[in-house]
Structure formats: C-alpha cells, structure tokens
Amino acid sequence: MAKDFSRAFYHSAEWAQARDAALTRDAHLCQHCLKRGDITPAVMVHHIKELSPSNVDDPDIATNPDNLVSLCDRCHKQVHGWIRQGATRQGFGFDSDGNLVPLD
Ligand SMILES: [Zn+2]
Ligand SMILES: [Zn+2]
C-alpha cells in the first residue's frame with residue numbers, strides 16, 4: 001500500500017525506530033478501540049497528518065511521536081475512509097455498538 005514517495009522512508013531505520021517507540025508508548029494497542037473501551041492489538045502505526053511528498057523528509061511529521069498513533073487494521077481503514085458501509089457518509093463510521101459516529 002506504500003506509495004512510491006514513501007517507500008524508502010518506510011524502509012528507513014528512522015521509521016523503524018519511530019514506529020517501535022509509538023507502539024511501545026501505546027502498549028501495542030489500537031488507540032481508537034481503546035477510546036471506546038475495546039482492547040485490540042495494534043497492527044500498524046498511522047500518521048495523523050498524512051505523509052506527502054513534501055513532508056516525508058520532515059521529522060516533525062514523519063517521525064514525530066505526536067503525529068503517530070497505533071491502530072488496528074479496521075480502525076486504520078476507517079480513518080482513511082477505506083471502509084464504506086452502506087449509508088455511511090464520508091467521515092463517519094460505526095462504533096462497536098453499531099452507532100454512527102464521526103471519525104476523528
Ligand atoms: Zn481499532
Ligand atoms: Zn494511515
């Protein structure tokens with residue numbers, strides 16, 4: 001899924017370190033599930049401000065712990081709007097109880 005501009009970055013030692021640090025900080029748990037009281041193992045670290053060709057070399061974005069959050073696969077897809085559930089509007093998803101909630 002990595003785009004061309006970020007391929008080298010995602011193979012860098014800097015990213016491996018930042019990713020590990022974020023996972024350790026977040027106890028390897030999905031932080032969005034945790035907010036809802038669900039304990040779900042995180043499978044990846046997401047950039048809150050998305051990486052782009054212009055910021056991939058900027059440590060304030062690319063490897064800043066404040067810009068990183070550990071997520072499970074499902075929450076990650078929701079964050080990016082890759083899950084479109086029927087009548088769900090963009091920017092909204094369903095929580096674990098099936099309520100329509102705005103995605104943050
Ligand atoms: Zn989750
Ligand atoms: Zn992401």
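## A walk from Asp26 to the zinc site

Let's start at Asp26, which is buried, with a relative accessible area of 8%. Three labels for accessibility recur below: buried means under 20% relative accessible area, exposed means over 50%, and partly exposed is in between, with a 1.4 Å probe and protein chains only. Before going on, please keep in mind that this is a predicted model, where local features need pLDDT of at least 70 and side-chain atom pairs count only at pLDDT 80 or more, while totals for chains, interfaces and linings use all residues. Residues are numbered from 1 along each chain as its sequence is written, chains are lettered from A and ligands numbered from 1 in the order in which they are written, and side-chain values use heavy atoms, with hydrogens and water left out.

The side chain of Asp26 meets that of Arg25 in a salt bridge, at 3.0 Å from N to O. A salt bridge here is a side-chain nitrogen of Lys or Arg within 4 Å of a carboxyl oxygen of Asp or Glu. While Asp26 is buried, its partner Arg25 is partly exposed, with a relative accessible area of 43%. The structure holds four salt bridges, and two others are worth a visit. Asp4 and Arg7 meet at 3.1 Å, N to O. These two residues are three apart in helix α1 (residues 4-10), so about one helical turn separates them. Helices (H or I, at least four residues) and strands (E, at least two) are DSSP runs, numbered from the N terminus. Asp4 counts as exposed at 62% relative accessibility, whereas Arg7 is partly exposed at 44%. In helix α5, Asp73 and Lys77 are four residues apart, about one turn of the helix, and their side chains form a salt bridge of 2.9 Å, N to O. Both ends of this bridge are partly exposed: Asp73 has a relative accessible area of 40%, and Lys77 one of 31%.

Back beside Asp26, the backbone does something you may want to check in your viewer. Ala27 has a positive phi of about 60° although it is not a glycine, and His28 likewise has a positive phi of about 60° without being a glycine. Ala27 lies in the loop between α2 and α3 (31-35), and His28 has its place in that loop too. His28 is partly exposed, at a relative accessible area of 43%.

From here we can step inside. In soluble globular proteins, nonpolar side chains tend to be buried together. A nonpolar core is defined here as a set of buried Ala, Val, Leu, Ile, Met, Phe, Trp, Tyr and Cys residues joined through side-chain atoms within 4.5 Å. The largest one has 12 residues, including Phe9, Trp15, Leu23, Ala42, Val45 and Leu68. Helices α2 (13-25) and α4 (59-62) each supply at least two residues of this core, and α2 gives the most, with four. A second, separate core of seven residues includes Cys30, Cys33, Val69 and Cys72.

Leu23, a member of the largest core, shows how the chain comes together. Leaving aside its neighbours within four places in sequence, Leu23 is in contact (heavy atoms within 4.5 Å) with His28, Ala42, Val45 and Ser70.

What about the cysteines of the second core? Cys30 is buried at 0% relative accessibility and Cys33 is buried at 5%. The structure holds zero disulfides, a disulfide being a pair of cysteine sulfur atoms within 2.5 Å.

The aromatic residues come next. A search of the whole structure finds three aromatic pairs. Rings of Phe, Tyr and Trp (its six-membered ring) pair if their centres lie within 6.5 Å; planes under 30 degrees apart count as stacked, over 60 as edge-to-face and the rest as tilted. The rings of Phe9 and Trp15 have centres 5.3 Å apart and planes at 45°, so the pair is tilted. Both of these residues are buried, and ring pairs link Phe9, Tyr10 and Trp15 into a cluster.

Our last stop is the metal. Which atoms coordinate the zinc ion (ligand 2)? They are ND1 of His46, NE2 of His76 and NE2 of His80, at 2.0 to 2.1 Å. Donors are N, O and S atoms within 2.8 Å of the metal (3.2 Å for Na, K and Ca), and water is not among the atoms, so sites may look incomplete. Along the chain, the donors follow the spacing H-x29-H-x3-H. The pair His46 and His80 links distant parts of the chain, 34 residues apart: His46 is in strand β1 (residues 44-47), and His80 is in the loop between α5 (73-79) and β3 (92-94). His46 is buried, with a relative accessible area of 6%, while His80 is partly exposed at 24%.
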